[in-house]
Amino acid sequence: MSNFVSVTRDGGVAVVIIDNPPVNALSFHVREPLMQALVSLRDEPDVAAIVIACAGRTFVAGADITEFGKPVQQPDLRAIIAVLETIAKPTVAAIHGTALGGGLELALGCHFRVADAGARLGLPEVKLGLLPGGGGTVRLPRLVGPLKALRMIVSGTPIDAAEALAAGLVDAVFDGDLAARAVRFASKMAGQDGPLAPVRDRNSRLDPADLPDFDRQAAELAKKARGLEAPIACAQSVRNAITLPFEAALAAERELFVKLVEGDQSRAQRHLFFAEREAAKVGAKDIVRRKIARVGVVGAGTMGGGIAMAFANGGFPVTVMETSREALERGLTTIDKNYAVSVSRGSLSEDAKQQRVGLFKGSTNYADLADCDLIVEAVFEEMAVKKEVFSRLDAVARPGAILATNTSYLDVNEIAASTSRPQDVVGMHFFSPANVMKLLEIVRAEKTAPDALATIAELARRIGKVPVVVGVCHGFVGNRMLSARGAESETLLLESATPQQIDRVFTDFGWPMGPFQMGDLAGLDIGWRNRKARGQTAVIADALCEQGHFGQKTGRGFYLYENGSRSPAPNPEVEALIRDKAADQGIAPRAIGAKEIIERTLYPMINEGAKILEEGIAARASDIDVVWVNGYGFPVGKGGPMFWAGLEGLDKIIGRLGHWHQRTGKDIFRVAPLLRQAAETGSWEGKSMA
Ligand code: 3H9
């Protein structure tokens with residue numbers, strides 16, 4: 001009947017099959033024939049029951065995200081579900097793969113849901129800055145109870161089939177042969193007496209007595225929302241399911257959905273959804289990727305250990321190499337401890353821990369890396385040390401093995417040139433803690449072979465990382481822009497802003513923490529070492545480091561951390577230090593507002609982003625956004641720095657950069673030509689990778 005929706009018959013059971021690759025999204029071209037099929041099957045006397053199933057790798061993974069922000073073409077999902085609920089014969093959703101968002105909402109419109117044992121079900125709309133807009137917030141609580149619905153909808157995290165069965169979301173789980181068993185299930189239901197209750201009429205789990213508990217949990221979740229509107233709207237809408245009649249709650253859900261879908265936060269999050277997928281497409285489809293079976297990691301310190309764990313978590317056997325037995329033991333013990341913490345928190349089972357620990361092999365001998373297909377170097381950040389390691393790797397690695405450096409700043413071309421096989425050398429810049437942080441900057445050096453690059457990008461996704469390819473320059477995309485962001489921080493202090501004031505501007509903006517809290521957390525000595533190597537100074541931070549105050553790890557930095565506390569308290573000594581240094585430099589105190597702090601920290605960062613695009617260090621503005629959201633905590637609701645720049649207004653940014661350039665003469669405020677061009681054309685693009 002359509003290329004996207006077909007109907008087959010199995011006795012009295014009609015099976016409606018949706019076939020809209022790759023993820024069976026509910027695009028208009030699916031909704032129209034789906035509606036027609038349901039209306040006609042509803043009225044066909046020979047049809048005793050209806051199964052809705054999907055072809056391909058998954059059940060419906062949601063509404064078609066590309067349609068958001070455009071006029072809705074009818075029938076919309078809500079109309080389809082409304083028709084489903086008028087059907088007096090059993091309707092059954094047969095779920096395999098993932099039933100997400102509008103997909104799960106469609107299934108909630110059926111009388112029954114059966115799932116393959118490997119299926120996952122969830123309402124992830126919150127991750128797109130939305131709430132489920134097809135009745136999910138009012139139907140899910142009717143099946144699983146409001147508290148579970150609240151957690152599922154506010155987190156957006158899907159649950160597996162077993163949990164869905166236990167929660168009452170699905171009625172049966174089948175291990176294999178889903179299509180046939182769903183038909184048998186439907187046929188059995190058709191044979192049963194008694195009226196069928198649509199989910200909308202099942203009110204037994206909605207008890208106003210649960211409201212205090214609900215409100216407590218919703219308030220907890222709201223605290224974590226950090227300025228995002230969607231989690232709050234999700235909680236409100238689930239609450240409506242308890243307090244309002246079905247139709248009124250549904251109408252309220254619609255109203256909230258429309259407001260969010262038209263808002264900047266959801267636009268930003270949808271931008272990121274597609275940006276991440278675009279960034280991960282590296283190399284032509286027909287490039288043959290190299291086979292990676294075993295990974296080697298040189299260095300078992302914090303970075304090396306985290307990188308090794310990231311690979312083991314992805315199921316790869318890992319050889320960890322250190323120069324001494326003691327360093328190796330220390331590294332492996334830390335890894336073991338980290339896994340033990342996950343077990344004690346309940347995020348990892350003891351079995352899974354054992355499995356992962358079993359993937360590690362320790363060595364103090366380079367020769368043991370000979371069977372590795374990828375070797376990642378994570379040693380001290382110094383060119384001479386890196387070159388030494390790479391020449392040793394060159395001597396032992398098998399032909400075709402990929403040699404990667406985890407450098408965060410250094411010239412990967414120079415590192416590659418210290419080997420006889422620069423085509424196999426690439427940068428893999430992980431972010432600390434490497435087993436947790438999702439970003440992976442993949443540094444393409446001049447001679448890196450396309451298949452090596454494509455292999456690493458594919459591998460990154462297999463270990464749950466978000467890859468972005470970047471070119472060679474000091475600090476690549478992320479750290480280079482971080483330097484631009486931080487350049488004015490010290491000057492702002494000297495001009496009498498306090499660390500807590502600046503940090504507060506950042507957290508109000510939506511960052512998880514401000515630059516001074518972040519410096520204290522990471523260790524002020526890291527930046528200090530880096531500055532010394534480059535002959536640079538930062539008057540306040542240097543003074544703190546000279547006194548041995550490195551931040552959290554020493555109990556003192558820009559803030560005080562008393563008795564091992566991790567929460568920063570204002571440090572009066574720092575305030576005195578700032579006053580003294582300002583007086584030394586003859587800087588008079590003056591009031592500094594939030595607007596100025598943003599202009600002098602975030603605008604230079606956008607400017608640097610434009611320079612990075614100009615130079616071809618990043619291929620697209622959206623890649624820069626992916627870097628900043630996944631590696632540095634740029635607020636997702638603002639879509640990354642380059643997307644946010646559009647919201648803020650490029651003309652305004654250019655004007656203020658010009659103002660600060662005139663006042664300070666500093667290079668970070670010199671407006672990049674590409675920024676001007678983007679303001680004129682309304683787009684960042686038009687630049688390809690150098
Ligand atoms: C919603 O449902 C709102 C309703 O409540 C209200 C309605 C009124 N639409 O991720 P992959 C594309 S909101 C359009 O690489 P995987 C994706 O861009 C939606 N396109 O595959 C990519 O395209 P390309 C709620 C979509 O196997 C290709 O499919 N649902 C959609 O790693 C493959 O994607 C969600 O938020 C979509 N809904 O992961 C689920 N989904 O090849 C979003 C994917 O051109 N989707 N594409 O780059 C996912 O989480 C993952 O795609 C999924 C598969 C887990 C399904």
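Modeller: Let's start with a term: a polar contact is a pair of N or O atoms within 3.5 Å. Keep in mind that the model here is predicted.

Biologist: Thanks! How far is a nitrogen atom of the ligand from a polar backbone atom of Ala61?

Modeller: That distance is 2.9 Å, which means the pair falls within the 3.5 Å cut-off. A nitrogen atom of the ligand also lies 2.9 Å from a polar backbone atom of Ile65. With Arg277 the partner is in the side chain: one of its N or O atoms is 2.6 Å from an oxygen atom of the ligand. As for cover, the ligand on its own has 1,000 Å² of accessible area, and the protein covers 75% of that.

Biologist: How many residues surround the ligand, and which are the closest?

Modeller: There are 27 around the ligand, and Arg57, Glu105, Glu125, Arg277 and Lys281 are the closest. By type, the shell holds 14 nonpolar, six polar and seven charged residues.

Biologist: Which helix gives the most to that shell?

Modeller: Helix 11, with three residues. At least two residues each come from strand 5 (98–100), helix 3 (102–108) and helix 11 (264–279).

Biologist: Now for helix packing. At roughly what angle do the axes of helix 18 and helix 25 cross?

Modeller: Picture each helix as a line. The axes of helix 18 (residues 478–486) and helix 25 (residues 594–614) cross at roughly 145 degrees and come within 7 Å. The crossing is right-handed. Helix 18 brings Arg480, Met481, Ala484 and Arg485 to the contact, while residues from helix 25 include Leu602, Met605 and Glu608.

Biologist: How do the residues of that contact divide by type?

Modeller: Six are nonpolar, two polar and four charged.

How values were computed:
Residues numbered from 1 in each chain as written. Predicted model: local features only at pLDDT ≥ 70, side-chain atom pairs only at ≥ 80, totals over all residues. Heavy atoms only, no water. Near = heavy atom within 4 Å. Polar contact = N/O pair within 3.5 Å; in protein donor to acceptor, adjacent residues only side chain to side chain. Areas by Shrake-Rupley, 256 points an atom, 1.4 Å probe, with all protein chains shown as cover. Helix = DSSP H or I, 4+ residues; strand = E, 2+ residues; numbered from the N terminus. Nonpolar A, V, L, I, M, F, W, Y, C, P; charged D, E, K, R; others polar. Axes fitted to C-alpha atoms, helices over the stretch in contact; angles between N-to-C directions. Left-handed = near helix turned anticlockwise from the far one by under 90°. Contact = heavy atoms within 4.5 Å.
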